[in-house]
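The following exercises are to be worked through with the sequence and the structure at hand. Each task is followed by a solution in steps.

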Amino acid sequence: MSEAKRAVTKAQPGKPMIGRLVVIGLGLIGGSFAKGLRERGLCREVVGVDLDPQSRRLAVELGVVDRCEEQLAAACQGAEVIQLAVPILAMEKLLVELAKLDLGDAVLTDVGSAKGNVVRAAHLAFGEMPARFVPGHPIAGSEQSGVEAANAELFCRHKVILTPLAQTDPQALQLVDRLWRELGAKVEHMQVEHHDQVLAATSHLPHLLAFGLVDSLAKRSENLEIFRYAAGGFRDFTRIAGSDPVMWHDIFLANREAVLHTLDLFRGDLDALRDAVDAGDGHQLLGVFTRARVAREHFSKILARRAYVDAMHSNDLIFLANPGGKLSGRIRVPGDKSISHRSIMLGSLAEGTTEVEGFLEGEDALATLQAFRDMGVVIEGPHHGRVTIHGVGLHGLQAPPGPIYLGNSGTSMRLLAGLLAGQSFDTTLTGDASLSKRPMNRVAKPLREMGAVIETGPEGRPPLTIRGEQRLSGMHYEMPMASAQVKSCLLLAGLYATGQTSVTEPAPTRDHTERMLRGFGYPVAVDGSTASVESGHKLTASHIEVPADISSAAFFLVAASIAEDSELLLEHVGINPTRTGVIDILKLMGGDISLENQRVVGGEPVADIRVRSAKLHGIDIPEHLVPLAIDEFPVLFVAAACAAGRTVLRGAEELRVKESDRIQVMADGLLALGVKVEPTPDGIIIDGGSMGGGEVWSHGDHRIAMAFSVASLRATAPIRIHDCANVATSFPNFLALAAQVGIRVTEEAKS
Ligand code: S3P
């Protein structure tokens, strides 16, 4: 019986993608699917089927469909796509009915919240899973229901998961995929079982808990009291207990296996929490709560596409640096990155509670912090640079639940490789696109010589898989390159190796590991260029004050030097002699820099640094200063571009394997600004003079982005700097501090 009527809303004339669409089940989801495609003019005809005459009438009146049918057979005649949008438990019966019909070449798809049961039912009804059946699940809904709530925009920016099987016809899959995309949905493909497990954990379990908790409290005799005093927490947690009971009863019956699995896991965790409360085990509770809080922040960032996990893939963040400006004032730049990493590592391996102040809340150091949380260490904070680490001792780390993601941070990966080589469990270390290109054989090779078992990706790149339960033997290693990361990696492995581990460096490199180990009471012998440790000692918790990072201060040292009439005071900067190459180089170029208020804080020398503008001139940079200024060259190249005459750098091939190839990327950028530069295999030649404006690319390298921001002080036109998101890895408040002292750089407004 045809119920065709004139629709109130006419379908828009568009170019139809398909002929007849049949939607079976005109509720919120089915109705919205029909209405969305009809309004966009993507089907020649939309036919609705529903058992309820009222829904059929409304669907036509509201322009959800062109016409309705009561009988399936009549509706499905000549259908090109059939959407099954009935409640999930009604799916089985519907599929049996459909199997009796001649559906021609029609593509079948559905919107059920669980997929395993739909696939099983289709298999049973048709004798096999029809190749033209594409199971699907839109993750959209609202507290409203029924065809009257149908909304053509309901799926816009919502996820739709399709779960094709091996035998699914690729053309049918492509068609269903396109229809959802036309509705504005973000379509993903997943395996049936995986879909059901993921949804059981992220949607079904929370609903079960909310329904269960409200019912459990409501049943008690004192329920009135409880609900009267139930405030925000209760309301937030139980909001979803207001969902449709019938629909949810269906879902739990349909996704039984996966729900039981996730519920059992959760029951175990709940019992552990109960035991911790019973035993008064505050440490355990704090561990669960701090990890949960951080995980939630992390996930919300991922959902908003802001987390460091996708910093390299996120939309291009552009800095716009306007020309001119002079610097004045006093600032404290964020904490030292190298010391921040080590404070988490050694604090975790120590016995007792370590307090850290001045911790760098940048993404690299946070990646290290998260890695240790993943290995069971309870870490509070960071909060305004304060971190409290509840050390677990040298042998107290636990296997992480999955691969450890280290973002952009080479220091985390190389130092952790040494430390993890001595553990009793396997670990896999991964990173972002930039870190995944960086060489790891420099640590994997000597660690293997000590007995470690390490697998790398092709050509010694990440990921690294480090096997546990290996017996490491101490050894002597002559480092082929001046690298504090390699030295530190081997000294950390040495804490777990039999006998003595010693490392000789070809030139002095930063010695924060040696200093901090001693600060934790662990003996380290240093004899000339050789540092050595022996296993068998322990680390005792300590208090760490992280000084401001000279590598971050460097941008301002150059900025105030090149901008006329500037004077700036940089407070509390670490001036460890293995890090002060930038000051020495700038002074050789004629820089006006003085150290004030020198003191030693927590084993590290610190000073306030005063810098005034100066007429810089080009120099041949002494090679022995290269490792002592290894991270500061991008901004030193900017100083050279503003200096009179030629600056030549040699012996710095290491710059080619940093977060980017810093020689090439800086040369390209400076050339774009009209500076005369010539990159060489191990350095660069820069003829200083004037600098124009232009477009430059930082290639996701934080220090390149900040260096070109500084260049604007002497540029004659604006500089647009692409790919700046990773500035947050080492200097999260760079733009604010730069603006405060007079550098005219801002984030370019998104169009
Ligand atoms: C670091 C050492 C340096 C430096 C890096 C941090 C460290 O790397 O470039 O930013 O904290 O040990 P190399 O040791 O590889 O030169």
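**Exercise 1. Confidence of the model**

Task: Determine where the pLDDT stays under 50 and how the protein scores as a whole.

Solution. Step 1: The pLDDT stays under 50 over residues 305-314, a stretch that has 24 contacts beyond four places in sequence in the model. Step 2: This is a predicted model, and the mean pLDDT of the protein is 93, with 95% of its residues reaching 70 or more. Step 3: Residues 1-11 also have a pLDDT below 50, although the model gives this stretch 27 contacts beyond near neighbours in sequence. Step 4: Where pLDDT is low, predicted coordinates should not be read in detail.

**Exercise 2. Packing of two helices**

Task: Describe how helix 13 and helix 18 are placed relative to each other, and state which residues make the contact.

Solution. Step 1: Locate helix 13 at residues 337-349 and helix 18 at residues 512-519; their axes come within 10 Å and cross at roughly 40°. Step 2: An angle of roughly 40° is neither under 35 degrees nor within 65 to 115 degrees, so the two helices are classed as oblique to each other. Step 3: The crossing of helix 13 past helix 18 is right-handed. Step 4: On the side of helix 13, the contact is made by Ser338, Ile339, Arg342, Ser343 and Leu346, and helix 18 contributes His512, Thr513, Met516 and Leu517. Step 5: Sorted by class, the residues of this contact are four nonpolar, four polar and one charged.

**Exercise 3. The surroundings of Leu464**

Task: Establish whether Leu464 is buried or exposed, and which residues it touches.

Solution. Step 1: Leu464 belongs to strand 18, which spans residues 464-466. Step 2: The relative accessibility of Leu464 is 1%; buried means under 20%, and Leu464 therefore counts as buried. Step 3: Leaving aside residues up to four places away in sequence, Leu464 touches Met413, Ala417, Thr427, Thr428, Leu429, Met440, Ile454, Glu455 and Thr456. Step 4: Gly287, by comparison, is 177 residues from Leu464 in sequence and 27 Å from it in space, C-alpha to C-alpha.

**Exercise 4. Cis peptide bonds**

Task: Find where Pro382 and Pro463 lie, and name the residue that a cis peptide bond joins to each.

Solution. Step 1: Pro382 is part of strand 13, residues 378-383. Step 2: Gly381 is joined to Pro382 by a cis peptide bond with omega of about 5°. Step 3: Pro463 sits in the loop between strand 17 (454-455) and strand 18. Step 4: Its cis peptide bond is with Pro462, and omega is about 5°.

**Exercise 5. Three loop residues**

Task: Examine Glu469, Asp565 and Gly700 for their loops and their accessibility.

Solution. Step 1: Glu469 is in the loop between strand 18 and strand 19 (476-478). Phi of Glu469 is near 60°, a positive value in a residue other than glycine, and with 63% relative accessibility Glu469 counts as exposed. Step 2: Asp565 occupies the loop between helix 19 (550-562) and strand 24 (567-574). Phi of Asp565 is likewise positive, near 60°, and at 61% relative accessibility Asp565 counts as exposed. Step 3: Gly700 is placed in the loop between strand 30 (694-697) and helix 23 (702-711). At 0% relative accessibility, Gly700 counts as buried. Step 4: Gly700 and Ala433 are 267 residues apart in sequence, yet their C-alpha atoms are 9.4 Å apart in space.

Terms used. Residues numbered from 1 in each chain as written. Predicted model: local features only at pLDDT ≥ 70, side-chain atom pairs only at ≥ 80, totals over all residues. Heavy atoms only, no water. Helix = DSSP H or I, 4+ residues; strand = E, 2+ residues; numbered from the N terminus. Buried < 20%, exposed > 50% of the residue type's maximum accessible area, 1.4 Å probe, protein only. Contact = heavy atoms within 4.5 Å. Axes fitted to C-alpha atoms, helices over the stretch in contact; angles between N-to-C directions. Parallel < 35°, antiparallel > 145°, perpendicular 65-115°, else oblique. Left-handed = near helix turned anticlockwise from the far one by under 90°. Nonpolar A, V, L, I, M, F, W, Y, C, P; charged D, E, K, R; others polar. pLDDT = per-residue confidence, 0-100.
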